[in-house]
Amino acid sequence: ANRLRHVCSARSQWHSMIQPWRGASVLACLITCLMTVQSAPLLSVGQRVVEQLTHLATFTDDPNPAVTRILFTLNDMKARSYVKELMAATGLAIREDSVGNIFGRWEGSHPSEGAILTGSHTDAIPLAGMYDGTLGVIGAIEALAVLKRGGFQPRRALEVMMFTSEEPTRFALGCLGSRAMAGQLTAATLDARKDENGTVFFEAANAVNYGGESHEAILAAALVPEGRYSHFVELHIEQGPELEANQIDIGVVTAIAAPAALNILFHGDGGHAGAQLMPLRNDASLAAAEVALGVERFVLATGAADTVGTTGVFEVKPGASNSVPREARLGIDVRDTDGPRRDHVVKQIVDLAHEVAARRKVRVEVIMVNQDPPATCASEIVEAAADVAASLGLSTQRMVSRAYHDSLFMARIAPTAMVFIPCKSGWSHRPDEYSSPQDISNGVHVLALTMAKLSGGTWPEGHTEL
């Protein structure tokens with residue numbers, strides 16, 4: 001009775017507020033009524049998702065709380081089976097493509113119109129946590145279940161998917177599944193990438209009943225036809241500290257930064273540390289050190305907070321204190337939401353490498369690993385997510401995603417955006433990664449209602465809450 005009085009009172013208050021919006025859609029008005037959702041049912045959604053994430057985390061090559069799940073390994077295949085089990089339990093029609101992407105579809109009343117797609121990944125780098133990527137798969141399945149329980153009937157179909165190999169762990173290529181869907185992956189690239197055992201993607205995929213006759217055939221089959229999807233929205237933990245620090249419930253992503261990755265190799269002649277005189281040396285490590293410091297200098301000179309650069313690999317050979325280094329390798333990552341600004345930094349780094357090599361009389365080799373363009377999120381999804389969050393009484397912050405996501409490539413297929421929830425201390429890619437059940441509930445409900453809003457469709461008469 002108390003709950004009914006609360007619902008009726010809230011509906012009465014909102015009824016007076018939405019009178020000026022008589023021309024608005026029925027769906028928009030119904031979404032405003034979701035202010036009546038109380039913390040207990042929201043929390044139950046979060047608890048259910050956490051239970052499922054915890055079970056998913058048991059499929060790991062390392063003991064929990066760490067999660068290690070590498071593409072097409074035994075534990076990856078167990079995780080895939082569990083995802084399909086949850087999709088089937090939600091009443092979704094399941095299909096899989098040639099690269100191993102998994103889709104669950106809830107058909108709409110207008111199946112010829114482009115679907116609303118959501119999803120993320122379940123593979124995990126070594127010694128990671130249980131929320132990165134997985135929230136956007138398990139939470140997305142729950143979002144569709146929430147809409148089904150609420151009686152929503154979609155106009156455009158709603159789909160949830162699990163992307164293959166968002167992490168670059170096995171084949172040194174991130175976002176493999178979304179690249180293939182967007183036509184941003186070549187057979188030559190796959191031919192050249194081998195895992196630690198010398199296996200190429202074609203062999204690994206066919207061994208677990210994906211794949212095809214060749215890399216060309218695999219990529220042709222995975223390419224998404226134009227118009228299949230009208231929108232894509234991804235739910236994810238922030239992987240940064242801003243939302244938690246600012247006590248914000250929901251992050252609405254407006255742009256996704258993209259990395260340019262390059263390897264720079266310096267070759268000197270080496271020699272005995274005692275016998276080779278200083279004026280005669282061409283020390284490869286010192287050349288590399290100059291460039292590593294240059295990365296920081298060039299990035300800071302942009303004056304832009306969104307420009308970041310990291311020299312995450314610095315290898316020296318032969319690696320003996322009594323030997324002058326004859327080889328040095330740098331692995332450099334430069335990221336930005338502004339493509340031309342990032343590429344200018346990359347050019348400065350490459351130019352410096354050649355200048356230092358000439359001055360220090362070492363030989364240099366520059367290898368561009370990737371240089372993907374950043375993405376701007378679609379305003380219609382950004383506004384829809386922000387409006388939905390406000391209707392649920394949740395605070396929002398518009399922000400940039402500085403991490404790499406499949407959304408970066410999905411933006412080449414359909415209008416795309418992301419929804420972030422807070423994670424403890426901004427930690428990710430580590431075993432103590434954590435988001436609370438309440439924050440997960442908030443994210444699932446924002447995702448669900450954003451998809452419903454983009455889909456169109458109908459709610460049952462008298463609908464007041466999910």
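This briefing walks through some aromatic rings, a pair of packed helices and one loop residue. The model is predicted, so please read every value here as computed from that prediction. Searching the whole structure turns up 9 aromatic pairs. One of them, Tyr131 with Tyr434, joins distant parts of the chain, and helices H5 and H15 pack at an angle of about 60°.

**The Tyr131–Tyr434 pair**

- Tyr131 and Tyr434 meet edge-to-face, with 6.0 Å from centre to centre and 80° between the ring planes.
- That angle counts as edge-to-face because it is over 60 degrees.
- Along the chain the two residues are 303 residues apart.
- Tyr131 belongs to the loop between strand E5 (124-128) and helix H5 (135-149), while Tyr434 belongs to the loop between strand E18 (416-421) and helix H15 (437-455).
- Tyr131 is buried, at a relative accessible area of 4%, whereas Tyr434 is partly exposed, at 37%.
- Tyr131 earns the word "buried" because its value is under 20%.

**Other rings to find**

- Phe72, Phe171, Phe201 and Tyr210 are linked by ring pairs into a cluster.
- Arg95 places its charged end over the ring of Phe103, 3.8 Å from the ring's centre.
- Lys148 lies over the face of Trp106, and here the distance to the ring centre is 5.1 Å.

**How H5 and H15 pack**

- To describe two packed helices, you give the angle between their axes and the distance between the axes.
- For H5 and H15, the angle is about 60° and the axes are 8 Å apart.
- This makes H5 oblique to H15.
- The crossing of H5 and H15 is right-handed.
- On the H5 side, the residues that meet H15 include Leu135, Gly139, Ala140 and Leu147.
- On the H15 side, the residues that meet H5 include Ile440, Val444, His445 and Ala452.

**A look at Ala411**

- You can find Ala411 in the loop between helix H14 (407-410) and E18.
- Is Ala411 buried, partly exposed or exposed? Ala411 is partly exposed, with a relative accessible area of 30%.
- Which residues does Ala411 contact, leaving aside its neighbours within four places in sequence? Ala411 is in contact with Ala375 and Thr416.
- The C-alpha atoms of Ala411 and Ile256 are separated by 9.7 Å, and these residues are 155 residues apart along the chain.

How values were computed: Residues are numbered from 1 along each chain as its sequence is written. This is a predicted model: local features need pLDDT of at least 70, side-chain atom pairs count only at pLDDT 80 or more; totals for chains, interfaces and linings use all residues. Side-chain values use heavy atoms; hydrogens and water are left out. Rings of Phe, Tyr and Trp (its six-membered ring) pair if their centres lie within 6.5 Å; planes under 30 degrees apart count as stacked, over 60 as edge-to-face and the rest as tilted. Helices (H or I, at least four residues) and strands (E, at least two) are DSSP runs, numbered from the N terminus. Buried means under 20% relative accessible area, exposed over 50%, partly exposed in between (1.4 Å probe, protein chains only). A charge sits over a ring if NZ of Lys or CZ of Arg is within 6 Å of the ring centre and within 35 degrees of the ring normal. Axes are lines fitted to C-alpha atoms, for helices over the stretch in contact, and angles run from 0 to 180 degrees between N-to-C directions. Angles under 35 degrees count as roughly parallel, over 145 as roughly antiparallel, 65 to 115 as roughly perpendicular and the rest as oblique. A crossing is left-handed if the near helix is turned anticlockwise from the far one by less than a right angle, and right-handed if clockwise. Contact means heavy atoms within 4.5 Å.
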